[in-house]
Every structure is written in C-alpha cells, then in structure tokens.
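Here is a short tour of one protein chain, written for someone who likes to see where the charges sit. Please keep the viewer open while you read.

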Amino acid sequence: MKARVTIMLKDGVLDPQGEAIRHALGGLGFSGVAGVRQGKVIELDLAPELASGDAEAARAEVARMCEGLLANTVIEKYAVEIV
C-alpha cells in the first residue's frame with residue numbers, strides 16, 4: 001500500500017516560485033496563464049504492519065506524519081491519498 005501526500009501553500013500565502021513560473025511561461029509565449037501555485041508530492045511506501053490495516057487507519061497515521069514533519073501547517077495545507 002502506498003500513500004500520496006500533496007502539499008500546497010495555503011490560500012493567501014505568497015508563492016514566489018509560482019509567480020516565477022507564471023512569469024517564465026509568459027516569457028515563453030504561454031499567455032493564457034493568470035496564476036500559478038506550486039507545491040510538492042511525497043509518495044510513501046507503507047510498511048506491512050501499517051499497510052495491513054484498513055485504509056482509514058493508514059490515512060490517519062500519514063496525517064500524523066504530515067502534522068509532525070512533512071508539512072508546515074502554519075502556511076501549508078496537505079491532502080492524503082491511499083493508493
């Protein structure tokens with residue numbers, strides 16, 4: 001079992017990398033992009049003892065990982081998907 005965590009900056013938090021990407025796309029002729037928010041995806045291979053339980057228990061454990069290390073919850077939001 002795997003877990004996929006998508007981490008993005010919260011709405012209202014300045015995203016300078018996203019703005020740099022938007023500007024670069026405009027410089028390359030892609031004028032249809034009004035805004036860009038960039039983030040990161042972390043894929044976890046869950047150990048058998050965690051993967052053997054139900055998906056909701058695995059999701060809760062990965063959420064604890066996000067709260068403790070993977071995401072800066074002051075400025076970032078995250079979504080956990082069990083795949």
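Helices are DSSP runs of H or I with at least four residues, and they are numbered from the N terminus. With that in hand, a pair in helix α3 is a good place to begin. This is a predicted model, and in it E56 and R59 both belong to helix α3, which covers residues 55-70. Because they are 3 residues apart in that helix, about one helical turn separates them. Their side chains form a salt bridge, with the closest N and O atoms 3.5 Å apart. R59 is partly exposed, at 29% relative accessibility.

**The chain as a whole**

Let us step back for the overall layout. The chain has 3 helices and 3 strands, and along the sequence they follow the pattern β-α-β-α-α-β. The radius of gyration is 16 Å, whereas a compact globule of 83 residues would have one near 12 Å. The C-alpha trace spans about 50 × 25 × 15 Å along its principal axes.

Burial and contacts add to that picture. Of the 83 residues, 19% count as buried. The chain exposes about 5,500 Å², and carbon and sulfur atoms supply 58% of this area. Among contacts between residues at least 6 apart in sequence, 69% join residues at least 24 apart.

**Charges and salt bridges**

How many positive and negative side chains does the chain have? There are 9 positive and 12 negative ones, and the centres of the two sets lie 5 Å apart. The count of salt bridges comes to 8. Three of them are set out here.

| Salt bridge | Closest N to O distance |
|---|---|
| R4 and E43 | 3.1 Å |
| K77 and D11 | 3.6 Å |
| E56 and R59 | 3.5 Å |

The bridge between R4 and E43 links distant parts of the chain: R4 is in strand β1 and E43 in strand β2 (residues 39-45), 39 residues apart. R4 counts as partly exposed at 28% relative accessibility, and E43 is partly exposed as well, with a relative accessible area of 42%.

K77 and D11 form another salt bridge. K77 lies in strand β3 (residues 76-82) and D11 in the loop between β1 and α1, so this pair ties together parts that are 66 residues apart in sequence. K77 is partly exposed, with a relative accessible area of 39%, whereas D11 is exposed, at 68%.

Returning to E56 and R59, their bridge stays within helix α3. Elsewhere, salt bridges that share partners join K2, R4, E43, D45 and E81 into one network.

**A buried acid without a bridge**

Where does D15 sit? D15 is found in the loop between β1 (2-9) and α1 (16-27). D15 is buried yet has no salt bridge, and the nearest side chain of opposite charge, R37, is 4.3 Å away. A salt bridge calls for a side-chain nitrogen of Lys or Arg within 4 Å of a carboxyl oxygen of Asp or Glu. Leaving aside neighbours within four places in sequence, D15 is in contact with L9, V36, R37 and Q38.

**Around strand β2 and the helices α2 and α3**

L44 is found in strand β2. Is L44 buried or exposed? L44 is buried, with a relative accessible area of 19%; the cut-off for buried is under 20%. Not counting residues up to four places away in sequence, L44 touches M1, K2, A3, V5, V62, M65 and L70. K2 is 42 residues from L44 along the chain, yet their C-alpha atoms are separated by 5.5 Å.

L50 lies in helix α2 (residues 48-51). Beyond neighbours within four places in sequence, L50 is in contact with A58, E61 and M65. M65 therefore appears in the contact lists of both L44 and L50. L50 and G35 are 15 residues apart in sequence, and the distance between their C-alpha atoms is 39 Å.

A55 lies in helix α3 and is partly exposed, with a relative accessible area of 35%. A55 and A3 are 52 residues apart in sequence and 9.6 Å apart in space, C-alpha to C-alpha.

Conventions. Residues are numbered from 1 along each chain as its sequence is written. This is a predicted model: local features need pLDDT of at least 70, side-chain atom pairs count only at pLDDT 80 or more; totals for chains, interfaces and linings use all residues. Side-chain values use heavy atoms; hydrogens and water are left out. Helices (H or I, at least four residues) and strands (E, at least two) are DSSP runs, numbered from the N terminus. Buried means under 20% relative accessible area, exposed over 50%, partly exposed in between (1.4 Å probe, protein chains only). Lys and Arg count as positive and Asp and Glu as negative; His and the chain ends are not counted. Contact means heavy atoms within 4.5 Å. The radius of gyration is taken over C-alpha atoms; the globule rule is 2.2 Å times the number of residues to the power 0.38. Accessible areas come from the Shrake-Rupley method with a 1.4 Å probe; for residues, only the protein chains shown count as cover. The place of a charge is taken as NZ of Lys, CZ of Arg, CG of Asp or CD of Glu.
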